[in-house]
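I opened the model to look up its overall make-up, its helix packing and its surface. My notes follow.

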Amino acid sequence: MIVETRALARTFGEVRAVDGVDLAISEGAVFGLLGPDGAGKSTLIRMLATVLRPSGGTATVLGHDVVADADEITGRIGYMSQRFSMYPDLTIAENLDFFATVRGVGKALRRTRSAELLESMGLAEFRTRQAGRLSGGMKQKLMLATTLMHAPDLLLLDEPTTGVDPVSRREFWRILAGLHRDGKTVLVATPYMDEAERCTHIAFLEAGRIKQAGTPDEVKALVPGRLVEVTAPDPRAALAELRDAPGVLSAHLLGNLVRVLWDSPADPGAALPYPCRVVPIDMETVFALLAERSAA
């Protein structure tokens, strides 16, 4: 295991941001840490990155304890925080060179790896542009390139695509897919359910606790019934009507659609008073169901 935690906890005063988390991440996984804002995702990642000291429990990263052996861990991980942490007045190339130097990467290797990373991420033609003048998507790619300069064994990415446009998000995940093919292990926190589908394993975190974990297919298989998308002229009114209808296990809005978990052998097309179609269970459905159960 690249990462293992047992009853890992972190408190801030009276608040338990992480509350008894057991986690196991194997080598080569792309592990998605999912959950709403305030679920504890960032706190958990910061403890694994040795930035925060746990209040309780244990955690090992790459076989080393995050408290006793922090110095053994920091040189072998790449940690990318939510905040843009590059020097805005330095160019892309200068930022890469500076942070690689801090990490102890030799001059010849810095030059080679910088060229490779900039080319693979589509940043080569912008290497002389100041970091402060980059778009949101380009800033995130620069941070990832900087994180990779010392060839870490584990990447810890804290919501790397939040606030980034959809095209840049897809490009970022194309890069992560390439890292996965190369055998890199990645732990990525994300609030986006479509990104969860791209992970090899996922865990839902809420109020500092893991509510569900497994592969995306394993987690989706836990959802009972069939998923039905309902089209109605007034979706909110239809939602209120369908929530208590026979055969409806739960219902929620997704854009202009009402999504219903249909827990009946009857044909939903004949039983429901609106046009509808059965669609595959997805992570949006899992997330909505978990949220409903927590609120109940």
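I take helices as DSSP runs of at least four residues, coded H or I and numbered from the N terminus. The model is predicted, and I read it as such.

Entry, overall. I looked up the protein chain and found 11 helices and 14 strands in its secondary structure. Along the principal axes, I got a box of roughly 70 × 45 × 35 Å for the C-alpha atoms. I noted that 47% of the 296 residues are buried.

Entry, H3. I placed helix H3 at residues 92–102, and Val 102 lies in this helix. I then checked whether Val 102 is buried or exposed. Val 102 has a relative accessible area of 58%, so I count it as exposed, the cut-off for that being over 50%. I also found Val 102 in a nonpolar surface patch, made together with Tyr 87 and Phe 98. I put the area of this patch at about 300 Å².

Entry, H3 and H4. I asked at what angle H3 and H4 pack. The angle is about 130 degrees, and the axes are 10 Å apart, with H4 covering residues 107–120. H3 is therefore oblique to H4. I recorded the crossing of H3 and H4 as right-handed.

Entry, H5 and H6. I turned to helix H5, residues 136–148, and helix H6, residues 166–181. Their axes come within 9 Å and cross at roughly 20 degrees. I therefore list H5 as roughly parallel to H6, since angles under 35 degrees count as such. I noted a right-handed crossing where H5 passes H6.

Methods
Residues are numbered from 1 along each chain as its sequence is written. This is a predicted model: local features need pLDDT of at least 70, side-chain atom pairs count only at pLDDT 80 or more; totals for chains, interfaces and linings use all residues. Side-chain values use heavy atoms; hydrogens and water are left out. Patches are made of residues with over 30% relative accessible area and no salt bridge: like charges are joined within 9 Å, nonpolar side chains (Val, Leu, Ile, Met, Phe, Trp, Tyr) within 5 Å. Accessible areas come from the Shrake-Rupley method with a 1.4 Å probe; for residues, only the protein chains shown count as cover. A salt bridge is a side-chain nitrogen of Lys or Arg within 4 Å of a carboxyl oxygen of Asp or Glu. Helices (H or I, at least four residues) and strands (E, at least two) are DSSP runs, numbered from the N terminus. Buried means under 20% relative accessible area, exposed over 50%, partly exposed in between (1.4 Å probe, protein chains only). Axes are lines fitted to C-alpha atoms, for helices over the stretch in contact, and angles run from 0 to 180 degrees between N-to-C directions. Angles under 35 degrees count as roughly parallel, over 145 as roughly antiparallel, 65 to 115 as roughly perpendicular and the rest as oblique. A crossing is left-handed if the near helix is turned anticlockwise from the far one by less than a right angle, and right-handed if clockwise.
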